[in-house]
Amino acid sequence: FTTAYLFKQTDTRLKGSYSTGFKAPSLYQLFAPPAPAMGFLGGNAGLTPEKSNGWDIGLEQEISEISTTLGATWFRNDFKDLIAYQNQTYENVARAYTQGLEVTVQVNPMNDLMFSAAYTYTQTKDKETGEALLRRPKHKLTADVNYRFFGKGNLNLGLIYVGNRNDLTFHPVTYVQQTVTLKDYMVVNLAGSYDVTKNLQLFGRIDNLLDREYEEVLGYGTPGIGAYAGVKVSF
């Protein structure tokens with residue numbers, strides 16, 4: 001459920017939403033084979049989906065004199081039956097919440113140029129343990145610059161910054177779980193397109209332009225720099 005109301009006199013928009021959701025257990029969590037040497041009993045076929053409900057409320061303010069839109073949104077999500085690793089397998093045990101503030105800005109200094117950015121601060125808590133949830137960064141920043149040229153071309157430069165967050169590892173000898181901190185990282189992406197005709201478009205992009213090495217999950221690598229190009233025909 002979503003709603004919004006515009007105060008025309010001040011160009012102020014009040015908005016909000018409420019939602020429910022679920023996340024099904026993965027095939028690994030359900031049916032992973034046992035690994036006795038590591039103290040792992042295997043998956044748990046009796047797992048049920050994680051369930052959640054959430055809400056947010058926010059304001060958007062347009063400042064037409066300088067072609068700028070500012071926004072701020074407060075959000076909260078409550079989870080139950082979270083799937084956690086304990087007792088040498090996966091179980092539905094935890095209740096948790098996430099809440100925080102997102103601040104956005106969009107500026108159009110000229111017709112063909114747009115700048116946008118968003119900063120999100122997130123607090124998380126496992127209500128069973130009192131600890132923060134894994135792999136949820138407190139700080140996240142995104143920024144985009146988009147430029148259209150000659151009425152046919154488009155360039156986009158995007159930046160994603162993700163702050164430190166916790167993850168789990170196992171001691172190499174005892175296999176006891178240990179908490180580790182994953183380093184923050186920044187990824188820059190570049191994309192562009194050009195309409196040769198109204199039916200033919202050339203496009204391309206470069207992901208991870210600075211070839212950064214980073215991990216979203218401990219021990220799992222992510223792609224380095226990569227270039228892609230293509231042709232789009234419409235008729």
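R205 is partly exposed, with a relative accessible area of 39%. This residue opens the exercises, which all work on a predicted model.

**Exercise 1. A pair around R205**

Find the residue that forms a salt bridge with R205, and classify that partner as buried or exposed, or in between.

*Solution.*
- Step 1: The partner of R205 is D207, and the closest N and O atoms of the two are 3.1 Å apart.
- Step 2: That distance meets the cut-off, since a salt bridge needs the side-chain nitrogen within 4 Å of the carboxyl oxygen.
- Step 3: D207 has a relative accessible area of 22%, so D207 is partly exposed.
- Step 4: R205 itself is also listed as partly exposed, at 39%.
- Step 5: Elsewhere, salt bridges with shared partners join R76, D78 and K127 into one network.

**Exercise 2. Salt bridges over the whole structure**

State how many salt bridges a search of the whole structure finds, then work out which parts of the chain are tied together by the pair D167 and R135.

*Solution.*
- Step 1: The search of the whole structure gives six salt bridges.
- Step 2: One of them links R76 and D78, with 3.1 Å between the closest N and O atoms.
- Step 3: Another joins the side chains of D167 and R135, at 3.0 Å from N to O.
- Step 4: D167 belongs to strand β9 (residues 165-170), while R135 sits in the loop between β6 (113-126) and β7 (139-149), so this pair ties together parts that are 32 residues apart in sequence.
- Step 5: Now compare the surroundings: D167 counts as buried because its relative accessibility is 0%, whereas R135 is partly exposed at 41%.

**Exercise 3. The largest pocket**

Which residues lie closest to the centre of the largest pocket, and which element gives the most to its lining?

*Solution.*
- Step 1: Start with the volume: the largest pocket holds about 1600 Å³ of space.
- Step 2: Its lining has 39 residues, and the closest to the centre are Y85, Y90, L134, R135 and L168.
- Step 3: At least two lining residues come from each of α1 (27-31), β4 (68-86), β5 (89-110), β9 and β10 (177-182).
- Step 4: β4 gives the most, with six residues.
- Step 5: Link this to Exercise 2: R135, the partner of D167 in a salt bridge, is among the residues closest to the pocket centre.

**Exercise 4. The largest nonpolar core**

List the residues that make up the largest nonpolar core, and find what L30 touches beyond four places away in sequence.

*Solution.*
- Step 1: The core has six residues: L30, A32, F40, L47, I83 and Y90.
- Step 2: Leaving out residues up to four places away in sequence, L30 touches P25, G43, N44, A45 and L47.
- Step 3: L47 thus appears as a contact of L30 and as a member of the core.
- Step 4: Y90, another core member, is also found among the residues closest to the centre of the largest pocket.

**Exercise 5. Partners of β11**

Trace the strands joined to β11 (residues 185-195), and say how many bridges join each of them to β11.

*Solution.*
- Step 1: Strand β8 (residues 153-162) runs antiparallel to β11, and ten bridges join the two.
- Step 2: Across this pairing, V162 stands opposite Y185.
- Step 3: Six bridges join β11 to strand β12 (residues 200-207), again antiparallel.
- Step 4: Here Y194 stands opposite L202.
- Step 5: The connection from β11 to β12 is a hairpin of four residues.

Methods
Residues are numbered from 1 along each chain as its sequence is written. This is a predicted model: local features need pLDDT of at least 70, side-chain atom pairs count only at pLDDT 80 or more; totals for chains, interfaces and linings use all residues. Side-chain values use heavy atoms; hydrogens and water are left out. Buried means under 20% relative accessible area, exposed over 50%, partly exposed in between (1.4 Å probe, protein chains only). A nonpolar core is a set of buried Ala, Val, Leu, Ile, Met, Phe, Trp, Tyr and Cys residues joined through side-chain atoms within 4.5 Å. Contact means heavy atoms within 4.5 Å. Two strands pair if DSSP finds at least two bridges between them. On a 1 Å grid over the protein atoms alone, a cavity is a set of points where a 1.4 Å probe fits but cannot get out, and a pocket is an open set with protein on both sides within 12 Å along at least five of seven lines; lining residues have an atom within 4 Å of a point. Grid points are joined across faces, edges and corners, and a volume is the space filled by probe spheres set on the points.
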